[in-house]
Amino acid sequence: MSVSLAKKKPTWQSSEKYSSDKAVDGNFSLVGDSCTSEASPTDVTWIVDLEDIKTNSVFASRLLGFSVYVSNTTNKEDGRLCFHDSGNSISTISNFKSITCEVQGRFVIYYNTREGNDNKRPGYSTTAHLDLCEVVVIGCPLGFFGVKCSIPCPPSCRHCNYNTGKCLGACAPGYHGEACAKYSRINLALNRPTYQLNTLNPAYPSSNVVDGKRNDLRLYQCTSTGSGHELALWRVDLEQIQWIERIIVYARTENKEWDGNYLSKRFLGFSIIVSNTTDHKKGVLCFHDKKYNITTIPPVVDILCSVVGRYVTYYNERLPLQTYPKNYSKYAYVDLGEIEVYGCPLSEFGYDDPGCKVPCHEMCKTISGCPSDVDELPQCSKPCPSNCEQCYPKTGICANCQHGYKGYACELICIAVADVIVTPASAINSSYDAMFSSSGLTFLSFGDVEVVDIYMTLSDQFNDISNMSVRVDNAMNFDVVLLGNDIQSSKVDYLLTVIFNRKAGKHYQPLHESSETVILKGSIILG
């Protein structure tokens, strides 16, 4: 039931022959002195002061039925419905609405409609209108909370309540609980078959690394390999293809202080590879130590690697004629206490076992039964962006782009080139920027110019190459030379994609030369 907003509120009229407040005294009698009256040959005015801004029925009718969405795209259907007005009327709807919606997203969408029978509902305007004065969105950047958004969310929690810090369900894979502190996964490597090159002594077999005993990391409980070898390799067979998301490597420590001793020198530079065959060169590189030194490398390395595979390989090398950082051991060794491989059996895929949920990846596009990481449906109808390794639940904002991509949806390609030099300079007739556009860079093929050299220097912040793609039209040959101190021969085929139109050849060679930056050198022989 509506109430009288004007009852006994201050009034005024142009002539006070009869008191103006009689019109708001609550007396509905139409005779006697219960009314106000006024006559004028020109105009008359009567005013009541409601003493507050009240709902105007016209604007209220337009506001009825509105909705608010939060989405990672400009399409409201891709996001979450935070609020929908369904129970208000003209007299009850407020011109101010505070909406609580704990969700991650980029776009806040106000939406209203008068389609169907909505324009016939009592009190609703017949057409849809937008009448907004102010919209305030309160929250914090992903991963932080507090009054000034300066406090990080709990470890393993990607998004938490901006006020309390309570994790909102966006825990890192395998973690759960209000603070994402609980981890429950299957150790897929436990007591599985193992293999190792150059075992030091049968008393210290490779199987010690998957026996589940990581509290004692002395040699008799660990494994080790002999001295004088260029390559070190240890491998576990998970016996079937598994969905892996986390690998923990425990170095042999002899239960002594990890203080830059000979064991840490042997640990430096190791790699972890997951493959479907025993040939680790055809696998996925989950980790390669390039950043640690003898004082910073920890005895336990926790690696997040979301990949499907059967074999997990620990690999290290000390190749001749190869320069390694200071304090690396002279030879390659395996000195391991334990390796744990966590994930879910692929047959379950986190759907049949509610306790074993895995995030949604590219695999979902071809394998049914994958729980969606975006909308929590029992199928992967909205996978993470194609270049995204892992995205936030509900909205799909990418938390970790694949190498070489950036942006909310990993839609932007990282351009690593910081400087370009073309010799001779007279060979071009446009800006170097055209080289990175669809139009391309044109070289003059007349006069004395027969060979063009292009030098591209990488920015300091890009010390690793993800991919190099080159398109060449109408050239006799194209050579690529990669100069740097950390370029592997086996990696060149993966890195370099050269597309040729008409007749053209190619060859390339990696050179292990000391260089502060990686330089890509290309030579075009004009035709």
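**View 1. His-280 and its contacts in the predicted model.** His-280 touches Leu-233, Ile-273, Ser-275, Thr-313 and Tyr-315, leaving aside residues up to four places away in sequence. The model shown here and in the views below is predicted. His-280 sits in the loop that runs between strand E14 (271-275) and strand E15 (284-288). The relative accessible area of His-280 is 16%. Buried means under 20%, so His-280 counts as buried.

**View 2. Trp-243 in strand E13.** Strand E13 holds Trp-243. This tryptophan is buried, at 3% relative accessibility. Cys-305 lies 62 residues from Trp-243 along the chain. In space, the C-alpha atoms of Trp-243 and Cys-305 are separated by 9.9 Å.

**View 3. Arg-192 and Glu-239, a salt bridge between distant parts of the chain.** Arg-192 and Glu-239 meet through their side chains, at 2.6 Å from N to O. The pair links distant parts of the chain, 47 residues apart. Arg-192 belongs to the loop between strand E10 (186-187) and strand E11 (194-196). Glu-239 belongs to strand E13 (residues 231-251). Trp-243, shown in View 2, is also in strand E13. Are the two partners buried or partly exposed? Arg-192 is partly exposed, at 28% relative accessibility. Glu-239 is partly exposed too, with a relative accessible area of 43%.

**View 4. Lys-76 and Glu-77, a salt bridge between their side chains.** The side chains of Lys-76 and Glu-77 form a salt bridge, with 2.4 Å from N to O. Lys-76 has a relative accessible area of 16%. That value makes Lys-76 buried.

**View 5. Asp-216 and Arg-218, a buried acid with a partly exposed base.** A salt bridge of 2.9 Å, N to O, brings together the side chains of Asp-216 and Arg-218. Asp-216 is buried, with a relative accessible area of 17%. Arg-218 is partly exposed, at 36%.

**View 6. A salt-bridge network of four residues.** Which residues are linked in a network of salt bridges? They are Arg-252, Glu-254, Arg-266 and Asp-335. Across the whole structure, a search finds ten salt bridges.

**View 7. The disulfide of Cys-82 and Cys-101.** The structure holds five disulfides. One of them joins Cys-82 to Cys-101, with 1.9 Å from S to S. The torsion about this S-S bond is about -55°, so the disulfide is left-handed. Cys-82 lies in strand E4 (residues 80-84). Cys-101 lies in the loop between E4 and strand E5 (107-111). The disulfide therefore ties together parts that are 19 residues apart in sequence. Cys-82 is buried, with a relative accessible area of 16%. Cys-101 is partly exposed, at 25%.

**View 8. The disulfide of Cys-153 and Cys-160.** Cys-153 and Cys-160 are joined by a disulfide, at 2.1 Å from S to S. A disulfide is a covalent bond between the sulfur atoms of two cysteines. The torsion about the S-S bond of Cys-153 and Cys-160 is -75°, and the link is left-handed. How buried are the two ends? Cys-153 has a relative accessible area of 9% and is buried. Cys-160 is buried as well, at 1% relative accessibility.

**View 9. The disulfide of Cys-401 and Cys-410.** The sulfur atoms of Cys-401 and Cys-410 are 2.1 Å apart, and the two residues form a disulfide. This link is left-handed, with -90° about the S-S bond. Cys-401 is buried, with a relative accessible area of 19%. The cut-off for buried is under 20%, so Cys-401 falls within it. Cys-410 is buried, with a relative accessible area of 1%.

**View 10. Cys-133 and Cys-222, exposed and buried.** Which of these two cysteines is exposed, and which is buried? Cys-133 is exposed, with a relative accessible area of 80%. Cys-222 is buried, with a relative accessible area of 0%.

How values were computed:
Residues numbered from 1 in each chain as written. Predicted model: local features only at pLDDT ≥ 70, side-chain atom pairs only at ≥ 80, totals over all residues. Heavy atoms only, no water. Buried < 20%, exposed > 50% of the residue type's maximum accessible area, 1.4 Å probe, protein only. Helix = DSSP H or I, 4+ residues; strand = E, 2+ residues; numbered from the N terminus. Contact = heavy atoms within 4.5 Å. Disulfide = S-S within 2.5 Å.
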